[in-house]
Structure formats: structure tokens, C-alpha cells
Amino acid sequence: GNYILMYMGNNGSFRDTTNTSLLINGFKFYTDDVVSDISLSSAPTQLIYEVGEAFNSEGLVVAPSYAIVPYDATDSIDHGALTFDYDFSVVGETTVTIQYRSFNLEIQVTVVEPEPPLE
């Protein structure tokens, strides 16, 4: 599980003086695990696929929302941390589900028949 360690000084003080980090008695805590949601900042470049083609995440930007403002806030989630669930085996409109931890979002793409080879 994810934990946030909170240290209280002898006088019980807790302070956040930067508005960009969780600062407790002079210690900065990285809180990148405190993601409250994800959203689509930019759709992928490719939205039309041939049957059997693999999903291409180029151009895709997925942004995290934070429950609190962490020290190491980022505007986008690395593609390596995302999971893509799709089925491009049938022609027509279909959904690609993008998952980051327990958060999901969906984009619509079109699957078409492959172009016949040129003779």
C-alpha cells in the first residue's frame, strides 16, 4: 500500500511554506502516490488502425490530478506507467482503455480493413 509518513516536532508543529511541496519540520516529502484522478491532455496522433495493428501512444498525454500538491508534481504520466487495453480484431468503432494504477480513461478509435497490397 501507499503511506505518507508525517513527523510532528516536539511542539506539534506542521507547516507547508512552499505551496509546491509537503514540508514538515524542514523535510520535503515526495507524494507522487497521492494521485486523485487522471485526464486526457492530448489524444494520440493515430486514431485509425487496421485490423490487427498495435496501439500507438505517440502524441498521447495523460495528466495526473493530485489530492495534495506534491513536491515532484508532473504534468504528464510516463507511457511506461500506463496500461492500454484494446481489441483491434473487428472493423468499426472501438474503445482503448488507458489505465494508471486504479484510474481509467477511454478514447474512441476506428478499426478498418487493411489496405490490399499493391501488385
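R101 sits in the loop between β7 and β8, strands being DSSP runs of E with at least two residues, numbered from the N terminus, just as helices are runs of H or I with at least four. Although R101 is not a glycine, its phi is positive, at about 55°. Most residues other than glycine have a negative phi. R101 is partly exposed, with a relative accessible area of 39%; here buried means under 20% relative accessible area, exposed means over 50%, and partly exposed is what lies in between (1.4 Å probe, protein chains only). All of this comes from a predicted model, in which local features need pLDDT of at least 70 and side-chain atom pairs count only at pLDDT 80 or more, while totals for chains, interfaces and linings use all residues. Residues are numbered from 1 along each chain as its sequence is written, and side-chain values use heavy atoms, with hydrogens and water left out.

Stepping back to the whole chain, there are eight strands and zero helices, so the pattern along the sequence simply reads β-β-β-β-β-β-β-β. Of the 119 residues, 27% count as buried. The accessible surface comes to about 7900 Å², and carbon and sulfur atoms own 50% of that; such areas come from the Shrake-Rupley method with a 1.4 Å probe, and for residues only the protein chains shown count as cover. As for contacts (heavy atoms within 4.5 Å), take those in the chain with a separation of 6 or more: 46% of them are between residues 24 or more positions apart.

Now for the inside. In soluble globular proteins, nonpolar side chains tend to be buried together. The largest nonpolar core here has 17 residues, and those with the most contacts inside it are I38, V62, L82, F88, V96 and I98. A core in this sense is a set of buried Ala, Val, Leu, Ile, Met, Phe, Trp, Tyr and Cys residues joined through side-chain atoms within 4.5 Å. Strands β3, β7 (92–100) and β8 (103–112) each supply at least two residues of this core, with the largest share, five residues, coming from β8. I38 gives a good feel for the surroundings: leaving aside neighbours within four places in sequence, I38 is in contact with V62, A63, P64, I77, I98, Y100, F103, N104 and L105. Elsewhere, T94 is found in strand β7 and counts as buried, at 18% relative accessibility. Its contacts, again without neighbours within four places in sequence, are D87, F88, I107, Q108, V109 and V111.

The aromatic side chains are worth a look too. A search of the whole structure finds five aromatic pairs, where rings of Phe, Tyr and Trp (its six-membered ring) pair if their centres lie within 6.5 Å, with planes under 30 degrees apart called stacked, over 60 edge-to-face and the rest tilted. Y49 and F55 make a tilted pair, 6.0 Å centre to centre with 35° between the planes. Both Y49 and F55 are buried, the latter at 12% relative accessibility. F55 also pairs with F84, tilted once more, at 4.9 Å centre to centre and 40° between the planes. Since F55 lies in the loop between β4 and β5 and F84 in strand β6 (residues 83–85), this pair ties together parts that are 29 residues apart in sequence. F84 itself is partly exposed, with a relative accessible area of 23%. Taken together, ring pairs link Y49, F55, F84, Y86 and F88 into a cluster.

The loop between β4 and β5 (61–66) also holds S57, which counts as buried at 18% relative accessibility. Beyond its neighbours within four places in sequence, S57 is in contact with H79 and F84. G59 has its place in the loop between β4 and β5 as well, but is partly exposed, with a relative accessible area of 34%. The C-alpha atoms of G59 and T45 are separated by 5.1 Å, although these residues are 14 apart along the chain. Not counting residues up to four places away in sequence, G59 touches S42, A43, P44 and T45.

Finally, the outside: L47, I48 and V112 make a nonpolar surface patch of about 230 Å². Patches are made of residues with over 30% relative accessible area and no salt bridge, with like charges joined within 9 Å and nonpolar side chains (Val, Leu, Ile, Met, Phe, Trp, Tyr) within 5 Å; a salt bridge is a side-chain nitrogen of Lys or Arg within 4 Å of a carboxyl oxygen of Asp or Glu. L47 has its place in the loop between β3 (35–42) and β4 (48–50) and is partly exposed, with a relative accessible area of 36%.
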